[in-house]
Amino acid sequence: MDILFENVSHIYQKNTPFEFKALEEVSFHIPAGSFAAIIGHTGSGKSTLIQHFNGLLKPTSGHIRMGDFNITAEKKVKDIMDLRKRVGVVFQYPEHQLFEETVEKDIQFGPKNFGLSQDKIDSRLPEVLKSVNLPEGLLSRSPFDLSGGQMRRVAIAGVLMMSPDLLVLDEPTAGLDPRGQKEMMDMFSRVHKETQRTTILVTHSMEDALKYADYVFIMNHGKLVMEGTPLEVFQKEEALNQVGLAVPEVIKFLHAFESRFGQSIPFKGQSIQELAKEMTEIVRRGVKDE
Amino acid sequence: MSQPNDISFQNISFQYPQGDEWALKDVSFHIEENEWVAIIGHNGSGKSTIAKLMNGLLTPQSGRIHIKGLEVNEENIWEVRKKVGMVFQNPDNQFVGTTVIDDIAFGLENHGVQRDEMLKRMKYSLEAVKMEGYENHEPHNLSGGQKQRVAIASVLAIEPDIIILDEATAMLDPIGRNSIMETVDHVRSERDVSVVTITHDLNEVLFADRVIVMNDGEVWKEGTPREIFNLHKELGEIGLDTPFVTQLSNSLKSEGIVLNQEPLTHKELMDELWTFYSRT
Ligand SMILES: Nc1ncnc2c1ncn2[C@@H]1O[C@H](COP(=O)(O)OP(=O)(O)OP(=O)(O)O)[C@@H](O)[C@H]1O
Ligand SMILES: Nc1ncnc2c1ncn2[C@@H]1O[C@H](COP(=O)(O)OP(=O)(O)OP(=O)(O)O)[C@@H](O)[C@H]1O
Ligand SMILES: [Mg+2]
Ligand SMILES: [Mg+2]
C-alpha cells in the first residue's frame, strides 16, 4: 500500500489547556512493498504518526493518502472499515488491544469483525499461533492472565490473522525475550517478502532497523528530520546524537575501532563473524609489524 | 545477629488460580542490602510473578518470603509495601493522579512526606527521568516511553528501601534506558537501597552485581553478569542471548585472538584488542 503524507500536522486536544502539537508539517512517501522503520526518542511523535495510517487519528491539517483512501481533517474517511481491514496495527502496549474473554476469541475478533468466514479463520489459526510461538494450551485463558511476553504474542497474532496489506508495528518486540525478539522479527521479515506487503516498524532497536528495514525515518519533536537507507542514516553518528539517538552498537564499535587502530572497517551489513575476521587481520598485522 | 537480607525467598512455589501449571517451583534466593540484582529469563518463566510476590500482591502456596526481615503476610503487608517501590511492565495500571505532578505527589502524601520535602523530591525525580515540563500533562495521554519515565519518577520520589523495576524501561531507546539506569545507580551510591531489575535488555543486565536466571519457574543459575554471559551456548538453549560485546568477543576468539578476561563493555574489548595488537 502506497503511503503519502503531505504537510501533516496533528494537535492533540486542540483549544483546551492540554493542547499539544505532536506532529508538525510531516511529508513523506513510502512506496508499496517497502519495509520502513520509524525511529525517534521518547515523545517524538512516532505512535501519533502511525495511528494516522488506519484513520484512528486524523490530521489537524494536511493530507494523507493511503493507497486509494484519502484522510483529511475535513472529511469523514470513506469506507473506513475497508481501510482498517487492510491496515493492521500492533499497538505499543498489547493491553490496549486485548479485551475479549479468552485468547482464542481475542485472536479471532478482528477477522470476524471484518467478515472473514469461520472456515478461513479456523484454517489460519494454527499457522498464526505457530508463527508467534504461542502454545495452543493458552487459547482458553483470559488474555489478561498471561505474562507480558505472552500478551504481546496474542496481540500480534490477532493482527496477523487479518493478513493486512499494510502491517504497522509499534515496538512489536518490547517485552519479548531475546529469542522471541529475533524469531518475531525474522517472521515479519519473511512474511513481508513472501506476501509483498508493506511493513512499517516503529522501533528503539537501531539493530533491528539496520537489519530489517530498507528505509529509515528519524523523528524529532514532531518533525521528520532525516530519512534514507539504514546504512546512510546510521553513518551520521553526530546528527543522530543531536536528536538524542545512538547509532547501532556495531557501528559505534567500528567507529571506536577506527580511532584506536587508525584503520577503518566500512560497515556494509557484515555479520559479527565477518567483522571479527576483518578486525583480526588488522590486529594481527600490528603484531607482525612489531 | 547478622544483618538480615533485604529480600529472601525460601522454597517458594506458586500457582495462579487460572494457571494449569506451577508458575514458580521451589524458588529460593537472597538479595543483600545495597545489592543490584537483575532477573532474566524467557517469557513466562516467572519473573513478574516473583515481583508480585515481593510486595504481597500474590501469596505463595508454600514457602516464606522476607523483606527487610519482615515476613510477607497479611499482618505485615502495609509495612512491606512501604519499603518496596515497584514499577510494572505497563505503567497504565499504576497511575493514580490526573496529572503527572499529582501522581508523584500522591505517593509522597501516602508516605507522609512533609510539604517542602515533597516539592524538592517532585522536582528532582522529574529531572532524573527527564520529564521536566510535563507536570500538568495527564499520565494516560503521555507517549509510551513518557509513561514509563513518570512511573519511575513516582517510585524514585518515595525513596523506598527496595526498588523493583519490572521491564520498566522496555519502551525507552538505548540512551534513555542507560540514563535511567545511571540515575538508579547514582541513587544507590547516595543511600542504602537494593535494586531488582527484571529485563530482557542485555545491556541493562550489566548494571547488576548479580544475575538470577529463571527458566520454567525455576532458578536456573545465579552469578555475576560476566559469569552468566560466559554461558552463551546454554543461554541460547533457554531462549536468551548474550550482548553484542560477548558475541563479538567469541567470534574474535574463534579467529585466534587471545582475550584475557571476558569483556563486557566496548571499552574492555577495545583494550583487550589493543593489548593483543601491541604485544611483542
Ligand atoms: N493472572 C494469571 N493467571 C494465570 N496464569 C498466569 C497469570 N499471570 C501469569 N500467568 C502464567 O504464569 C507464568 C509466569 O508468568 P510471569 O508473568 O511471571 O512470567 P514472566 O517471566 O514475567 O514473563 P514475561 O517475560 O513474558 O513478562 C506464565 O506461564 C503465565 O502464563
Ligand atoms: N492524547 C494526547 N493528548 C495530549 N498529548 C498527547 C496525547 N498523546 C500523545 N501526546 C503527546 O504527544 C507527543 C508524541 O507522543 P507519541 O505517543 O506520538 O510519541 P512516541 O514517539 O510514540 O514516543 P514513545 O517512544 O515514548 O512511545 C508526546 O509529547 C505526548 O505527550
Ligand atoms: Mg510510542
Ligand atoms: Mg513479566
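The following exercises, each with a worked solution, concern a predicted model with chains A and B.

**Exercise 1. The annotated domains**

State which residues of each chain the UniProt record assigns to the ABC transporter domain, and give the helix and strand content of each span.

*Solution.* Begin with chain A. An unreviewed UniProt entry lists "domain: ABC transporter" for residues 3-246 of chain A. That span is 35% helix and 26% strand, and its end C-alpha atoms lie 27 Å apart. Turn next to chain B. Here the annotation "domain: ABC transporter", also from an unreviewed entry, covers residues 7-241. Residues 7-241 of chain B are 37% helix and 24% strand, with the end C-alpha atoms 27 Å apart.

**Exercise 2. The six-stranded sheet of chain A**

Determine the strand order of the open sheet of six strands in chain A, and identify its edge strands.

*Solution.* The order in chain A is E6-E7-E8-E3-E9-E10, with mixed pairing. The edges are formed by strand E6 (87-90) and strand E10 (223-228) of chain A, each of which pairs on one side only. On average, neighbouring strands of this sheet are turned by 15° against each other, direction ignored.

Next, consider one pair inside the sheet. Strand E7 (residues 166-170) and strand E8 (residues 198-202) of chain A run parallel and are joined by five bridges. Within this pair, A:Thr199 in E8(A) is the bridge partner of A:Leu167. Finally, place a helix on the sheet. Helix H5 (residues 148-160) of chain A touches E6 and E7 of chain A, and its direction makes about 180° with that of E6(A).

**Exercise 3. The six-stranded sheet of chain B**

Explain why one side of strand E6 and one side of strand E10 of chain B are left without a neighbour in the sheet.

*Solution.* First establish the order. The open sheet of six strands in chain B reads E6-E7-E8-E3-E9-E10, and its pairing is mixed. Strand E6 (84-87) and strand E10 (218-223) of chain B stand at the edges with a single partner strand each, so one side of each has no neighbour in the sheet. From one strand to the next, the twist averages 15°.

The pairing of E6(B) can then be described. E6(B) pairs with strand E7 (residues 162-166) of chain B in the parallel sense, over four bridges. In E7(B), B:Ile164 is the bridge partner of B:Met86. As a last step, add the helix: helix H6 (residues 174-190) of chain B lies across strand E3 (36-41), E7 and strand E8 (194-198) of chain B, running at about 145° to E3(B).

**Exercise 4. The antiparallel strands of chain B**

Trace the pairing of strand E4 of chain B with E1(B) and with E5(B).

*Solution.* Strand E1 (residues 7-14) and strand E4 (residues 62-67) of chain B pair in the antiparallel sense over five bridges. B:Gln10 stands opposite B:Arg64 in E4(B). E4(B) is also joined to strand E5 (residues 70-71) of chain B, by two bridges and in antiparallel fashion. In that pair, B:His66 stands opposite B:Glu71 of E5(B). The hairpin of E4(B) and E5(B) has two residues between the strands, and B:Lys68 takes a positive phi near 50°.

**Exercise 5. Helix packing within each chain**

Classify the orientation of H3(B) to H5(B) and of H3(A) to H4(A).

*Solution.* In chain B, the axes of helix H3 (residues 100-110) and helix H5 (residues 144-157) come within 9 Å and cross at roughly 30°. H3(B) and H5(B) are therefore roughly parallel to each other. The contact involves B:Val100, B:Asp103, B:Ile104 and B:Leu108 of H3(B), and B:Val150, B:Ala153, B:Ser154 and B:Ala157 of H5(B). By class, it has six nonpolar, one polar and one charged residues.

In chain A, helix H3 (residues 103-113) and helix H4 (residues 118-131) pack at about 130°, with their axes 11 Å apart. This angle makes H3(A) oblique to H4(A). Among the contact residues are A:Ile107 and A:Pro111 of H3(A) and A:Ile121 and A:Leu125 of H4(A). The contact has five nonpolar, two polar and three charged residues.

**Exercise 6. A helix contact between the chains**

Describe how H10(A) packs against H11(B).

*Solution.* The axes of helix H10 (residues 249-261) of chain A and helix H11 (residues 266-278) of chain B come within 11 Å and cross at roughly 35°. The crossing is right-handed. Residues of H10(A) including A:Phe253, A:Phe257 and A:Arg260 meet residues of H11(B) including B:Leu269, B:Asp271 and B:Trp274. By class, this contact has nine nonpolar, one polar and four charged residues.

Note on methods: Residues are numbered from 1 along each chain as its sequence is written. Chains are lettered from A and ligands numbered from 1 in the order in which they are written. This is a predicted model: local features need pLDDT of at least 70, side-chain atom pairs count only at pLDDT 80 or more; totals for chains, interfaces and linings use all residues. Side-chain values use heavy atoms; hydrogens and water are left out. Two strands pair if DSSP finds at least two bridges between them. UniProt positions are given in the numbering used here, feature names are shortened, and annotations may be inferred rather than shown by experiment. Axes are lines fitted to C-alpha atoms, for helices over the stretch in contact, and angles run from 0 to 180 degrees between N-to-C directions. A crossing is left-handed if the near helix is turned anticlockwise from the far one by less than a right angle, and right-handed if clockwise. Contact means heavy atoms within 4.5 Å. Ala, Val, Leu, Ile, Met, Phe, Trp, Tyr, Cys and Pro count as nonpolar, Asp, Glu, Lys and Arg as charged, and the others, Gly among them, as polar. Angles under 35 degrees count as roughly parallel, over 145 as roughly antiparallel, 65 to 115 as roughly perpendicular and the rest as oblique.
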